[in-house]
Amino acid sequence: MKEETLAIVRRMQDNEATDQRVYAALAKQASLQKNREILEKMSHDEGLHCAVWGRYTGIEAKADMFRVWLFVVLGKIFGLVFVINLMEGGEDDSAENYRKLMEELPEARSIMEDETRHEAQLAAMIHEEKLSYISSMVLGLNDALVELTGALAGFTLALNDNRMVGMAGFITGVAATLSMAASEYLSKKADTSEKHPLKAAVYTGVAYMITVAFLLLPYIVFESPLVALGFCLFDAALIILGFTYFVSVVRKESFVRGFTEMITISFSVAGISFLIGWAARSWLNIDM
């Protein structure tokens, strides 16, 4: 075996050992028996692949324990589907390695086909309740970003006082949270296929209120209204970045397209509202 091929096999062996430990750890924290069994099967398959590579290297695999820890933490925060899709997405980089190995090792093709087929099927079977309410979370977060960034931009120019802007933003945010949650509840209740309209309303309301809190924070920390507005928009961009990345991973959609669309809409509304606030302050001759 060529030295280059052996080096690739060693990396593949270590990666399989790492993934085996990750899936085993995720299985222990899975709340549903079905998810636990699926993850245990995935861990078992990775162990078999690691053993195949071990026959060629003749050495014991070394799992990346930091990577194991990182994925377990991400699993606790963002859920099983997010971590599994993230791991499987990373394995796309292994395609070139598999092609190189196929020239010398006939078992490489069967392992690649096995991982592509079985792991995709197993990952698709993982069920998490909160993923059923992504649309509700998207509704709450999108509406909060578009509505509140626009309102805060307008308030900033019209009122020019952080305490006044913060108070107006808080009242607007709380009222809008309750309104959106109630609207989502009524919408889902009217849908005969929806079994838990109250949960959908809670997800919408919580997503909205968390967004409101982050957007209002700069108006508490900074004295200058324009500086606060700048950091408010920065917070909005970070929220959009994080949430669109999460959705793109769990739904296997384009991150760039989702991020660009969401940030363009939110910031366009904020810009228009900023101009409206400036115009209102000038025309009404308000000086605060």
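This report covers the overall fold, two helix pairs, one bent helix and one buried alanine.

**Overall fold**

The model is predicted. Its protein chain has 288 residues, and 44% of them count as buried. The secondary structure comprises 11 helices and 0 strands. Along the sequence, the pattern therefore reads α-α-α-α-α-α-α-α-α-α-α, with helix following helix.

**Two helix pairs**

Two packed helices are described by the angle between their axes and the distance between the axes. Both values are available for the pairs below.

| Pair | Axis approach | Crossing angle |
|---|---|---|
| α1 (residues 3–29) and α2 (residues 33–57) | within 8 Å | roughly 160° |
| α8 (residues 162–190) and α9 | within 8 Å | roughly 165° |

Take α1 and α2. Their axes cross at roughly 160°. Angles over 145 degrees count as roughly antiparallel, so α1 is roughly antiparallel to α2. The crossing of this pair is left-handed. The contact of α1 with α2 holds 13 nonpolar residues, along with 7 polar and 6 charged ones.

Now α8 and α9. Here the axes cross at roughly 165°. That angle makes α8 roughly antiparallel to α9. The hand of this crossing is right-handed. By class, the contact of α8 with α9 has 16 nonpolar, 7 polar and 3 charged residues.

**Helix α9 on its own**

Helix α9 spans residues 197–221, which is 25 residues. From its first C-alpha to its last, α9 reaches 37 Å. The span expected at 1.5 Å a residue is 36 Å, and the value for α9 is close to that. Where does α9 bend? The bend is at L215 and comes to about 25°. A proline, P218, follows within four residues of L215.

**A151 in helix α7**

Helix α7 covers residues 134–159, and A151 is found in it. Is A151 buried or exposed? The relative accessible area of A151 is 18%. Buried means under 20%, so A151 counts as buried. A151 can also be placed relative to G173. The two residues are 22 residues apart along the chain. Their C-alpha atoms are separated by 9.5 Å.

**In brief**

The predicted chain has helices and 0 strands. α1 is roughly antiparallel to α2, and α8 is roughly antiparallel to α9. The α1 and α2 crossing is left-handed, whereas α8 passes α9 in a right-handed crossing. α9 also carries a bend at L215.

Key: Residues numbered from 1 in each chain as written. Predicted model: local features only at pLDDT ≥ 70, side-chain atom pairs only at ≥ 80, totals over all residues. Heavy atoms only, no water. Axes fitted to C-alpha atoms, helices over the stretch in contact; angles between N-to-C directions. Helix = DSSP H or I, 4+ residues; strand = E, 2+ residues; numbered from the N terminus. Parallel < 35°, antiparallel > 145°, perpendicular 65-115°, else oblique. Left-handed = near helix turned anticlockwise from the far one by under 90°. Nonpolar A, V, L, I, M, F, W, Y, C, P; charged D, E, K, R; others polar. Expected span 1.5 Å × (residues − 1). Bend = angle between axes of the 7 residues up to and from the residue. Buried < 20%, exposed > 50% of the residue type's maximum accessible area, 1.4 Å probe, protein only.
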